[in-house]
Amino acid sequence: VADPDGGSVDGFGFLKTKTHREVDYWGGAVETKFWSMDSVEVRPNLYRNDYLILGGEVRGIDQDSRLHGRDASGGTIFTYSETLDTTYYGGYVGIGGEYSLGFLGVAGITDRFGLRSFISARAGVYGVETDYKGGFAQGPTNSALSGSDDDVAFIGTLSFETRKQLGQRSSIGLYTDYEYISSVPEMR
């Protein structure tokens with residue numbers, strides 16, 4: 001067990017720890033789609049580019065860790081906590097469209113069930129603000145450490161969706177995102 005502020009920590013004969021860790025990934029975006037084709041429903045042979053995307057967003061990754069060390073009788077020996085909050089502000093561009101699963105030899109199956117598949121790709125540049133706070137308490141000894149950093153990050157997203165139209169205003173689908181974030185601070 002180490003004090004984040006660099007202070008010395010005594011060894012322990014018996015140590016039972018309880019750790020709580022929470023990571024929240026949140027965000028909100030506003031985007032505009034510029035349609036490049038009429039809204040006539042035409043199934044593509046392989047891929048049809050339907051729209052261009054422009055957007056702006058804010059997102060964050062908030063990490064909290066708390067560790068409580070107890071002795072054999074259940075008394076608190078030390079308390080250790082860390083918080084690392086990272087916020088991303090920026091904008092992105094992208095393209096999206098419909099693709100056909102026919103190239104996999106399953107076109108007849110997807111057409112029979114009325115399934116449609118879509119893909120979109122987004123790339124953006126973001127300002128990154130990171131704040132760290134750490135605290136350690138052992139008996140009468142308390143220490144705290146804090147810091148902040150600013151950075152620039154690239155975020156790329158690739159999204160896939162397959163859906164079935166149930167009615168004029170309802171559908172059911174399967175949606176997945178793959179993201180790359182070039183700057184994700186971590187606690188050591």
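A residue is called buried when its relative accessible area is under 20%, exposed when it is over 50%, and partly exposed in between. These terms are used throughout this report on a predicted model.

**Overall make-up**

The chain has 188 residues, and 30% of them are buried. Its secondary structure consists of six strands and one helix. In sequence order the pattern is β-β-β-α-β-β-β, which places the helix between three strands and three strands. Among contacts in the chain with a separation of 6 or more, 71% are between residues 24 or more positions apart. The accessible surface of the chain is about 12,000 Å². Carbon and sulfur atoms account for 54% of that surface.

**Salt bridges**

Side chains of opposite charge can pair when their charged atoms come close. The model holds five salt bridges. Three of them are listed here, with the distance between the closest N and O atoms.

| Acidic residue | Basic residue | Closest N and O atoms |
|---|---|---|
| E57 | R59 | 2.9 Å |
| E179 | R59 | 3.0 Å |
| E161 | R163 | 3.3 Å |

R59 appears in two of these rows, paired with E57 and with E179. How far apart in sequence are the parts that E179 and R59 tie together? E179 lies in strand β6 (residues 171-181) and R59 in strand β2, so the pair links parts that are 120 residues apart in sequence.

Is R59 buried or exposed? R59 has a relative accessibility of 6%, so R59 counts as buried, because the limit for buried is under 20%. E57 is buried as well. E179 has 35% relative accessibility and therefore counts as partly exposed. Salt bridges with shared partners join E57, R59 and E179 into one network.

The pair of E161 and R163 is another of the salt bridges, with its closest N and O atoms 3.3 Å apart. R163 has a relative accessibility of 27%, so R163 counts as partly exposed. That value falls between the limits of 20% and 50%.

**A negative patch**

Which residues gather in a patch of negative charge on the surface? They are E129, D131, D149, D150 and D151. Two elements, β4 (115-138) and β5 (141-165), each give two or more residues to the negative patch. The largest share, three residues, comes from β5.

D150 is one of the residues in this patch, and D150 is found in strand β5. Its relative accessible area is 61%, so D150 is exposed, because the limit for exposed is over 50%.

**A nonpolar patch**

The surface also carries a nonpolar patch, made by F34, L52, L54, V93 and I95. The area of this patch is about 440 Å². Which elements each supply at least two residues of the nonpolar patch? They are β2 (47-70) and β3 (76-99).

I95 is one of the residues of the nonpolar patch, and I95 lies in strand β3. At 39% relative accessibility, I95 counts as partly exposed.

**Strand β2 in both settings**

Strand β2 holds R59 of the salt-bridge network, and β2 also supplies at least two residues of the nonpolar patch.

Key: Residues numbered from 1 in each chain as written. Predicted model: local features only at pLDDT ≥ 70, side-chain atom pairs only at ≥ 80, totals over all residues. Heavy atoms only, no water. Patch = residues over 30% accessible without salt bridge, like charges linked within 9 Å, V, L, I, M, F, W, Y side chains within 5 Å. Areas by Shrake-Rupley, 256 points an atom, 1.4 Å probe, with all protein chains shown as cover. Salt bridge = Lys/Arg side-chain N within 4 Å of Asp/Glu carboxyl O. Lys, Arg positive; Asp, Glu negative; His and termini not counted. Charge placed at Lys NZ, Arg CZ, Asp CG, Glu CD. Helix = DSSP H or I, 4+ residues; strand = E, 2+ residues; numbered from the N terminus. Buried < 20%, exposed > 50% of the residue type's maximum accessible area, 1.4 Å probe, protein only. Contact = heavy atoms within 4.5 Å.
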